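Visitor: I am new to this structure and would like to learn how to read its features step by step. Could you take me through the places where chains meet, and then through one helix?

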Amino acid sequence: MRKRLVSMIMAGTLAMSMALTGCTSGGDTTPVDTGSTGDTGETTEVADTGDTGETADAPVEASGELIKVGVVNNPPSESGYREANVKDMEAVFSEANGYELKTSYSLKNDEQLQAAQGFITEGVDYLLISAAETTGWDEVLKKAQEAGIKVYLFDRMIDVDESLYEAAVVSDMAAEGDTAVQWLLDQNLDEYNVIHIQGAMGSDAQIGRTGALDEQFASGKMNKVVQQTATWDEAEAKKIVESVINSGESFNVIYAENDGMAKGAVAALDEAGITHGVGGDVIVMGFDCNKWALRELLDGKWNYDGQCSPFQAQIISDLIKSGEAPASKKIINEEKGFDATTITQADIDTYGLGE
Amino acid sequence: MQEQEHSLLEMRHINKLFPGVKALSDVDFTLRKGEVHALMGENGAGKSTLIKVLTGVYQNDGGEISVDGVKINIRSPQDAQNNGISTVYQEITLCPNLTVAENMFIGREDSFLVAHKNYEKRADKILGELGIPARSTQILGSCSLAVQQMVAIARAVDMKCKVLILDEPTSSLDDKEVKVLFDLMRDLKGRGVGIIFVTHFLEQVYEICDRITVLRNGELVGEYLTEELPQVQLVAKMIGKDLDELSSFEGVEEKHFDDSDIFYEASSLSSSDALPFDFAIHKGEVNGFTGLLGSGRSESVRAIFGADKINGGTVKIKGEPVKITKPIDAMKHGIGYLAEDRKRDGIIADLSVRENIILALQVMKGFFRPISRSEAESFADEYIKVLNIKTASRETPIGSLSGGNQQKVILARWLLTHPDYLILDEPTRGIDVGTKLEIQKLVLKLAEDGVSVTFISSEIEEMLRTCSRLIVMRDRHVVGELKGADLNQTQVMKTIAGGEAANEE
Amino acid sequence: MKNKITNIFKGGFGQLTIPIVAICMLVIFNLFRDPSFFSVGITHNNDGNIVLAGNLISIINAASELAVLAMGMTLVTAACAGQDISVGAAAAIAGSAFVKVLKSGPEITGFSVILAFIIACCVAMIFGAFNGTLVSVFNIQPMIATLILFTCGRSIAYWINGGASVPVDSPIIKAIGSFIPGIPVPTPVLIVIVVAIIFKLVFHFTSLELFTQSVGINGSASRLNGINATFIRLLTFVILGVCVAVAGIIGVSRLGLINHETLLLDVEMDAILAVAIGGNNLGGGKFKISGSIIGAYVIHMLTVTLYAMKVPSTDVKAYKAIVIVILVVIGSPVIKSKFTKFMTQMKNRKQEVAMKGN
């Protein structure tokens with residue numbers, strides 16, 4: 001009896017977690033605010049091409065001619081980055097822009113594969129994929145090709161032959177780290193004593209953000225005071241910095257691989273009475289460009305925030321509308337880095353994630 | 001010795017020691033081909049120890065066992081099975097979520113070799129032969145308890161068992177199911193299987209068994225042919241009193257009670273474990289429930305206290321109808337209950353003597369009115385003194401006290417609540433003689449002070465000394481109420497034994 | 001005096017022997033390694049307050065959430081003979097609710113913080129009652145019952161604020177998470193003291209301790225003594241709920257940020273460990289809250305020691321596991337009885353020698 005109850009509960013848990021993923025994919029029916037990124041010029045263009053000569057001006061009338069786009073993505077709850085990414089997709093591929101958007105969000109590769117399969121069966125025109133894992137996609141992409149569906153990869157690469165997709169719009173994680181370290185070098189400090197707080201070891205973001213700094217440590221230009229992973233955990237980052245402070249070792253740079261960990265590090269500095277930010281003793285660097293983090297920059301409490309841009313939708317939309325094949329299959333999304341001395345409120349509004 | 005060639009199983013001079021206790025001393029047991037042999041004795045007489053030695057659960061500390069005249073060593077249940085000794089326990093030890101066939105072949109060496117279809121066929125054949133109403137493909141859990149038990153027996157039969165041990169097989173079966181089981185047993189008997197039958201139901205023994213072996217306090221009392229041992233004598237042998245000796249005891253003085261003095265009255269009270277019964281007790285009266293173990297005496301008093309799920313009946317206290325469905329209700333109406341199984345239902349082993357003493361009173365006072373430490377200490381000290389509890393200190397964990405002193409602590413727990421009606425179920429079990437007497441005296445003193453007491457003991461002598469009225473139970477029914485001149489052991493024995501016992505004299 | 005010392009060797013602190021020995025071992029180890037590990041200094045923090053600083057302060061400060069959770073976990077363990085593995089997820093929910101309430105007002109005031117605290121407590125108590133009902137009414141093993149919230153808790157937390165990391169900035173929040181102006185001791189440490197005192201008071205003014213232990217040691221006997229075991233078990237989960245809310249709020253306030261994915265991540269295992277290191281039987285029964293608190297400090301002292309030794313944080317968990325295995329094995333009944341046997345043997349031998357000497 002008890003066994004049965006337990007299994008019922010397990011089943012319930014499963015159902016709930018499935019409902020969770022299901023809920024987040026409810027986005028395809030919600031009307032999306034198009035004000036910020038909607039490009040009205042293009043909308044009319046689309047309406048024009050689909051125009052049969054009667055009511056050219058009203059895009060709503062052109063609903064029969066909407067371009068069907070299926071997006072397979074990770075759920076917005078994954079991270080602030082993903083949340084912005086999902087919102088951006090929904091905003092760009094809106095009905096007002098001439099698209100009919102279908103979405104599926106999952107952290108699991110097999111569920112994503114199933115969703116992609118579903119979109120192919122439904123007969124979408126374009127398939128956009130940010131895969132949970134790099135492997136296992138050959139067959140589905142071949143089927144898409146046979147069905148005449150064009151595939152764009154965004155954010156993450158997949159291990160398949162280039163011929164299977166039109167283009168991949170991705171971030172170059174290493175470039176992100178390079179940009180940040182270059183900025184740090186440009187500060188021309190007398191010496192660099194760096195506390196390096198890493199993200200979850202082995203993740204793309206961690207590898208990309210660590211590489212450039214490791215080169216500096218190796219070349220001796222910068223001193224590694226400590227290099228520890230806090231696995232994206234703010235509280236852990238605080239502990240790491242505290243332990244350095246308590247040991248009495250001197251440092252003048254904190255390089256945290258995301259905003260949260262930078263915040264944790266700053267909490268430790270604040271408690272120890274160590275000044276930071278513009279004009280402070282310690283340079284604070286973070287990544288991700290959360291809105292709240294950019295505001296810390298604006299306040300001069302931090303010095304630098306790098307971004308792995310989550311905004312690939314517009315690039316893909318442009319490619320679809322132009323109908324031309326890109327010069328290179330791999331399109332590197334432009335990365336940004338913000339300096340506390342030059343950041344503006346407008347930057348925060350445009351590029352900040354969250355809220 | 002002449003019978004040796006016919007005997008299937010012989011156990012000679014079996015000894016089993018547990019730390020501090022001699023569970024079996026020099027016990028002999030003989031089982032012949034094609035007989036049903038009852039193993040009888042009160043609780044703690046050594047029946048289950050003997051069975052466990054035979055089935056390899058325990059190792060014997062002396063003596064020898066032979067099957068078919070060949071000496072064997074049983075070191076594990078597997079050994080026992082290999083020697084043709086199979087056991088079917090009271091609780092079904094099969095897997096209810098597997099099919100009947102799977103249950104019959106699971107865990108057997110040949111089960112790998114037999115294809116699924118094959119052993120379903122084989123199972124159906126055996127079931128058919130034994131007349132067991134089950135299909136091999138049925139899920140075992142969907143069969144009645146009786147059928148499940150029979151499947152267990154069929155499994156044993158198929159394993160070529162020569163000796164089949166049935167440990168309390170009938171305790172959860174109804175009359176019809178018992179009959180079917182007995183038919184099966186007779187069938188097996190005809191095939192030459194020797195059956196050892198352990199039960200508390202006397203009448204069943206007389207219905208099915210050829211011989212009876214009686215154990216008492218780990219010693220062999222004797223082996224008897226069933227037809228030569230009247231029921232009342234069997235009871236006497238189990239309890240350890242000769243009939244002549246029994247008659248010489250006198251009961252306590254008879255007291256007279258007015259009906260207006262009734263403290264507690266129940267009519268057709270029943271619980272998940274107790275069949276409906278009527279019962280009343282007067283203020284200041286000491287009564288007893290007697291009967292063999294499993295007769296329903298404990299279940300009945302548990303129903304009074306609301307210890308099991310109450311199914312029906314009405315209860316009046318001092319003439320007022322009340323509802324008692326759980327222990328706290330009973331406690332609030334002034335009823336206390338010292339449970340039969342001290343370890344399981346009485347002591348909170350890791351807590352101190354002090355905490356154990358105040359527990360019931362604390363519960364009655366309520367969650368938000370804790371008894372202060374100093375108050376608790378003075379209560380504990382008082383009762384440690386009054387009941388002469390031997391403990392290193394009031395902070396000693398109760399688990400490290402001797403059985404008798406643990407029992408006194410539990411008694412103190414209930415006395416502290418100043419009950420109007422105290423139910424004591426086997427308060428003297430496993431306790432030294434001195435403490436037994438102390439507890440008996442205490443019961444009589446409580447009665448003098450106007451407390452009603454229900455006293456249960458396996459020792460009838462003790463009951464006669466303390467109770468002015470005895471309610472006798474057999475097979476879960478009240479079969480008699482004895483008082484006054486009827487309060488002597490002979491009469492009690494006869495009533496407990498029941499059946500044709502009266503004619504045997 | 002001598003008596004006392006031998007008593008300690010015989011387990012004179014009783015249940016607390018293991019955690020106290022563990023703390024002593026860590027202290028001695030650090031004294032040999034680097035005596036300055038224990039130096040406590042006074043500095044001005046960035047808000048201009050005079051505050052205490054040093055590894056010791058870091059340890060007792062960082063262990064605060066764990067200490068609070070361990071207290072509640074001790075009760076649940078004692079009554080239900082099992083542990084709640086959803087405390088981390090539940091704390092994320094409580095923390096999110098706290099932030100949600102604060103964010104829904106125009107500005108953060110003392111009143112809104114109190115309101116947010118109460119609502120967070122209520123939310124956590126409801127989830128505690130959910131777990132408690134599964135355990136006490138439906139008789140599901142605690143670890144399995146709480147697996148549900150463990151699985152979905154952080155997703156629920158995400159729904160509440162709908163964002164990955166939401167900041168809350170206010171001097172009041174900062175005062176809760178780090179220092180109250182004028183008081184040099186970190187506020188979380190003070191909160192632990194307050195919670196511990198509240199537990200002490202609850203034990204003093206109710207029968208919770210006695211009933212919890214009775215239910216945990218012998219449920220059947222407790223029932224026959226009129227204790228409502230179901231209610232007591234449920235109650236322990238609700239109390240743990242309050243602890244979860246407090247821990248979640250400390251965590252949020254410490255950083256001025258709610259990150260539902262990382263807030264008190266993996267804390268449930270540490271909380272169970274704290275209970276175990278505290279000498280409490282994970283199978284329920286007698287308990288000592290103080291043991292669990294010390295257990296929490298042992299765990300963090302270990303972490304901070306390893307960080308001070310610059311052990312890579314990826315390896316910290318492995319080292320922690322080794323130390324904990326040693327502690328738990330030392331505390332196991334097998335070793336304990338062996339030790340007692342050894343001690344009595346030694347005593348006998350001593351007596352023999354003394355006799356011969358005479």
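**Where the chains meet**

Guide: Please keep in mind that this is a predicted model. A contact between two chains can be read by asking what each one brings to it, and here chain B gives 23 residues while chain C gives 17 residues.

Visitor: Which elements give two or more residues to the side of chain B that touches chain C?

Guide: They are helix H11 (327–332), helix H12 (342–346) and H13 of chain B. Of these, H13(B) provides the largest share of that side, with six residues. Sorted by class, the side of chain B that touches chain C holds 17 nonpolar, two polar and four charged residues.

Visitor: How many residues do chain A and chain C bring to their contact?

Guide: Chain A brings 40 residues to it, and chain C brings 40 residues. On the side of chain A that touches chain C, the elements that each supply at least two residues include helix H1 (2–24), strand E7 (222–229) and helix H9 (259–272) of chain A. By class, that side of chain A has 14 nonpolar, 16 polar and 10 charged residues.

Visitor: Turning to a single helix, is H11 of chain C mostly covered or uncovered?

Guide: A helix can be read by counting its buried residues, and helix H11 (residues 208–217) of chain C is mostly covered, with nine of its 10 residues buried. Among them are C:Leu208, C:Phe211, C:Val215 and C:Ile217.

Visitor: What covers the buried residues of H11(C)?

Guide: The cover includes helix H13 (353–365) of chain B, and from chain C it includes helix H4 (64–80), helix H10 (187–205), helix H12 (219–224) and helix H13 (229–255).

Technical notes
Residues are numbered from 1 along each chain as its sequence is written. Chains are lettered from A and ligands numbered from 1 in the order in which they are written. This is a predicted model: local features need pLDDT of at least 70, side-chain atom pairs count only at pLDDT 80 or more; totals for chains, interfaces and linings use all residues. A residue is buried if 20 or more other C-beta atoms lie within 10 Å of its own, exposed if 12 or fewer, and partly exposed in between; C-beta atoms are placed from the backbone. Helices (H or I, at least four residues) and strands (E, at least two) are DSSP runs, numbered from the N terminus. Two residues are in contact if their C-beta atoms, placed from the backbone, lie within 7 Å. Ala, Val, Leu, Ile, Met, Phe, Trp, Tyr, Cys and Pro count as nonpolar, Asp, Glu, Lys and Arg as charged, and the others, Gly among them, as polar.
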